[in-house]
Amino acid sequence: MTEKEYVARLDQAALDAIIQKHAMFRSARMGGVRAQLARHDLSQLTLRNCDLSHADFTGASLNQADLRDAKLDYAIFFGADLRYANLQGSSLVRADLRGACLRGATLIRADLTGVDLREGILTNTDAKGNLKPAHKNIPKSDNGGADLSGANLTDARLSGGHRR
């Protein structure tokens with residue numbers, strides 16, 4: 001992917017249509033399609049109470065998104081921006097959150113059983129083939145931690161965590 005290729009911005013209506021098709025996919029109905037939301041901008045949209053298990057959010061921006069009580073089991077969030085997202089009460093069983101930014105995210109009472117929270121970085125290439133971080137808009141000075149109060153972290157894979 002070159003730097004000229006940008007993350008696509010979705011509005012709530014377009015996201016709702018994708019969620020509906022994914023629900024059909026999950027129930028093995030004709031016309032169903034797995035949600036492919038990789039590199040999409042879903043900032044400030046709502047996915048509340050949705051079942052998006054097995055969806056692909058690789059490199060997506062979910063900054064300030066409402067994912068309360070969503071079912072996101074086995075979903076891929078590799079390199080996703082989840083800053084200030086509300087994931088309270090959501091289920092992320094065995095989700096891939098490698099390299100995801102969770103600064104300021106709310107994960108109160110979330111089920112993170114077997115989640116992969118190890119380090120990772122999503123990159124793009126420039127015109128010369130050099131690798132560059134995909135998310136340039138995440139400030140390094142933004143040190144807000146995620147709220148994991150009451151979250152289930154049984155069998156979670158962690159690395160590179162920082163304490164204040």
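This is a short tour of the structure, one selection at a time. The model is a predicted one, so keep that in mind as you click around.

**Stop 1: the core**

Start by selecting L52, F57, L62, L67, L72 and F77. These are the residues with the most contacts inside the largest nonpolar core, which has 37 residues.

Now keep L62 and show what surrounds it. Setting aside neighbours within four places in sequence, L62 is in contact with L42, S43, L47, F57, L67, F77, D81, L82, R83 and A85. Hold on to F57 and F77 from that list, as well as D81 and R83; they come up again at the next stops.

**Stop 2: the stacked rings**

Select F57 and F77 and show their side chains. How are the two rings arranged? Their centres are 4.6 Å apart and their planes are at 0 degrees, so the pair counts as stacked. The count for the structure comes to one aromatic pair, so there is no need to choose among several.

Both F57 and F77 lie in the loop between β2 and β3, yet they are 20 residues apart, and the pair links distant parts of the chain. Both residues are buried.

**Stop 3: the salt bridges**

A search of the whole structure finds seven salt bridges. Here are some of them to look at.

Begin with D41 and R9, whose side chains meet in a salt bridge at 3.2 Å, N to O. D41 sits in strand β2 and R9 in strand β1 (residues 8-9), so this pair ties together parts that are 32 residues apart in sequence. D41 is partly exposed, with a relative accessible area of 21%. R9 is partly exposed too, at 47%.

Next, go back to two residues from the first stop, D81 and R83. They form a salt bridge, and their closest N and O atoms are 2.8 Å apart. Is D81 buried or exposed? D81 is buried, at 0% relative accessibility. R83 is buried as well, at 8%.

Then select D96 and R98, where the side chains meet at 2.6 Å, N to O. Add D116 and R118 to the selection: salt bridges that share partners join D96, R98, D116 and R118 into one network. Within this group, D96 is buried, with a relative accessible area of 15%, while R98 is partly exposed at 28%.

**Stop 4: a glycine meeting**

From R98, step along to G99, in the loop between β2 and β3. Which residues does G99 touch, leaving aside its neighbours within four places in sequence? They are G79, A80, R118, E119 and G120, and you will recognise R118 from the salt-bridge network.

Draw a distance between the C-alpha atoms of G99 and G120. The two are 21 residues apart in sequence and 3.9 Å apart in space. G99 is partly exposed, with a relative accessible area of 25%.

**Stop 5: T113 and its surroundings**

T113 is another resident of the loop between β2 and β3. Show its side chain together with that of D111: the two make a polar contact at 2.5 Å.

Now widen the view. Apart from neighbours within four places in sequence, T113 is in contact with L92, V93, R94, N152 and T154. T113 counts as buried at 18% relative accessibility, as the limit for that label is under 20%.

**Stop 6: two unusual backbones**

Most residues other than glycine have a negative phi. Select Q64 and Y74 to see two that go the other way. Q64 has a positive phi of about 65 degrees although it is not a glycine. Y74 is not a glycine either, and has a positive phi of about 60 degrees.

Where is Q64 placed? Q64 lies in the loop between β2 (40-41) and β3 (116-117), and Y74 lies in the loop between β2 and β3. Q64 counts as partly exposed at 44% relative accessibility, and Y74 is partly exposed at 42%.

**Last stop: the cysteines**

Finish by selecting C50 and C101. C50 is buried at 14% relative accessibility, and C101 is buried at 10%. How many disulfides does a search of the whole structure find? The search finds zero.

Key. Residues numbered from 1 in each chain as written. Predicted model: local features only at pLDDT ≥ 70, side-chain atom pairs only at ≥ 80, totals over all residues. Heavy atoms only, no water. Helix = DSSP H or I, 4+ residues; strand = E, 2+ residues; numbered from the N terminus. Buried < 20%, exposed > 50% of the residue type's maximum accessible area, 1.4 Å probe, protein only. Polar contact = N/O pair within 3.5 Å; in protein donor to acceptor, adjacent residues only side chain to side chain. Contact = heavy atoms within 4.5 Å. Core = buried A, V, L, I, M, F, W, Y, C linked by side-chain atoms within 4.5 Å. Disulfide = S-S within 2.5 Å. Salt bridge = Lys/Arg side-chain N within 4 Å of Asp/Glu carboxyl O. Phe/Tyr/Trp six-rings, centres within 6.5 Å; stacked < 30°, edge-to-face > 60°.
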